[in-house]
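Here's a quick tour of a model, with the helix packing up front and the ligand surroundings after that. Have a look at the structure first, then read on.

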Amino acid sequence: RLLWKLPTSSRHFPFIPANRPDRLTVSSVSEVDSRVNLLGLDPEGVKSWCAAMGEKPYRAVQLVRWIHRFCEDDFENMTNLAKSFRAKLAETAQIQAPAVLDCRYAADGTRKWLFDVGNGNAVETVFIPSENRGTLCISSQAGCAMGCLFCSTGKQGFNRNLTTAEIVGQVWTAERTLRREAGITDPNDRVISNVVLMGMGEPLQNLDAVLPALRLFLDDNAYGLSRRRVTVSTCGLVRQIDKLAASVPVALAVSLHAPDDALRDKIMPVNKKHPLADLMAACRRYLAVAPRDFITFEYLLLGGVNDADAMAYRLIDLVRDVPCKFNLIPFNAFPDSGLKAPDEDRITAFAQILNSAGIVTTVRRRRGDDIAAACGQLAGEVKDRTRRAERLVIQKEEAADFFAATKKGSER
Ligand code: SAH
Ligand code: SF4
């Protein structure tokens, strides 16, 4: 069993100057490189690849352990592999995560990476350390085709699906960087204890790449996370929810954001195709295989749009037959969204109504959580990478300051 011991030193990163570039260097590979990227293969994939190379299945297990447990990318260092196999690996394979464009951390230990995914696109990954866990929020697509009104990723449109290597590479890079900085060498001590697919993109629109990634997150020789520690967040793609249930049923979070079809149609175009009754039925089906006996509903609170008491009462009706928990997310404002964050008293009242009905409800209040909530709203295109990376951090800090100010205002 793995131990999720978060070393004290990794909680606040006090030894890393704020604007210091990331220590990790990503070796460059030429664009015509034909070597297979092992980061993109799930455990079965590595096994097949090894078999094709004439290697025994236990070699595949050793490889998976070196890559994902030790976060090793140099075949030379994989000392329990035969020298001849190592030479063959160096010739035909590589371990290549997307390049890090930028890496920053917030005062509360929240850490953000900006990854280059080619053609001027970048995606973001956020690490949120807390008392007893280290959560990594990862992206699944560059941009998003779902067009939710309140989401800046959605407003940018769809660019492309990330590959499995790009999805896994986010976790691999984060774990490798954080453990090196904290001086962790024991592969059983892991910094990342939870992975949530709540960054850019709609993970269920990219199942072909997401499923192998999930298998690696769960594999004991790779990231060794239990199904309840891996969460897929979706805007509500009904058929794909069933597919996830049938293949890798990890924890499910559903972005609800409205208690009725009329409002949800307006703010989430996906609702026109998959209305709430169908979505609730899919949630009930999912519960049969879910790692926990509840679904998490995310509910974005948009000031004056969906934050009235009446909306909370209608939500209670809507989810009557779906055991669930609610996670209220105050809207993270971005320029030209035309929407505003809810007043603090609305957040409290809304949570109170749901809680009183016996629905466990939490609010993403803290700064790190605010930044994580913003994780899904980042623009996909990066024209000027450095300046954009700076803008991202400034944008998030402004959002956090905005919430701090709102909170203070409502306390007065
Ligand atoms: N596509 C998936 C996962 C990525 S979005 C989904 O929609 O669930 C992750 C979460 O961030 C979603 O609940 C989404 O509604 C929320 N989100 C999007 N824009 C936001 C914003 N401006 N402020 C706060 N949360 C936002
Ligand atoms: Fe896509 Fe999720 Fe943003 Fe909607 S909220 S546009 S589904 S990333």
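Keep in mind that this is a predicted model. Let's start with helix 12 (residues 309–318) and helix 13 (residues 344–356), whose axes sit 9 Å apart and make an angle of about 25°. Angles under 35 degrees count as roughly parallel, so helix 12 gets that label relative to helix 13. As for handedness, helix 12 passes helix 13 in a right-handed crossing.

Now for another helix pair. Helix 2 (residues 43–52) and helix 3 (residues 57–69) have axes that come within 8 Å and cross at roughly 130°. Because of that angle, helix 2 counts as oblique to helix 3. The crossing of helix 2 past helix 3 is right-handed.

On to the ligands. How many residues surround ligand 1? The count is 19, and the closest are Gly201, Ser233, Ser255, His257 and Asn332. Sorted by class, the shell around ligand 1 has nine nonpolar, eight polar and two charged residues. Two strands chip in here: strand 10 (230–234) and strand 12 (295–301) each provide at least two residues of that shell.

Here are some polar contacts of ligand 1:

| Residue | Protein atom | Ligand 1 atom | Distance |
|---|---|---|---|
| Phenylalanine 150 | polar backbone atom | nitrogen | 3.0 Å |
| Glycine 201 | backbone N or O atom | nitrogen | 2.9 Å |
| Glutamate 298 | polar side-chain atom | oxygen | 3.2 Å |

How much of ligand 1 does the protein bury? Taken alone, ligand 1 exposes 530 Å², and the protein buries 97% of that.

Ligand 2 has its own set of neighbours. Cysteines in the shell are Cys144, Cys148, Cys151 and Cys235. The glycines there are Gly147, Gly154 and Gly201, and the list is rounded out by Met146, Phe150 and Glu202. By class, that makes six nonpolar, three polar and one charged residues around ligand 2. Gly201 is worth a second look: it is listed among the residues around ligand 2, and it is also one of the closest to ligand 1. Phe150 likewise turns up around ligand 2, while a polar backbone atom of phenylalanine 150 is 3.0 Å from a nitrogen atom of ligand 1.

Conventions. Residues numbered from 1 in each chain as written. Chains lettered and ligands numbered in written order. Predicted model: local features only at pLDDT ≥ 70, side-chain atom pairs only at ≥ 80, totals over all residues. Heavy atoms only, no water. Near = heavy atom within 4 Å. Polar contact = N/O pair within 3.5 Å; in protein donor to acceptor, adjacent residues only side chain to side chain. Areas by Shrake-Rupley, 256 points an atom, 1.4 Å probe, with all protein chains shown as cover. Helix = DSSP H or I, 4+ residues; strand = E, 2+ residues; numbered from the N terminus. Nonpolar A, V, L, I, M, F, W, Y, C, P; charged D, E, K, R; others polar. Axes fitted to C-alpha atoms, helices over the stretch in contact; angles between N-to-C directions. Parallel < 35°, antiparallel > 145°, perpendicular 65-115°, else oblique. Left-handed = near helix turned anticlockwise from the far one by under 90°.
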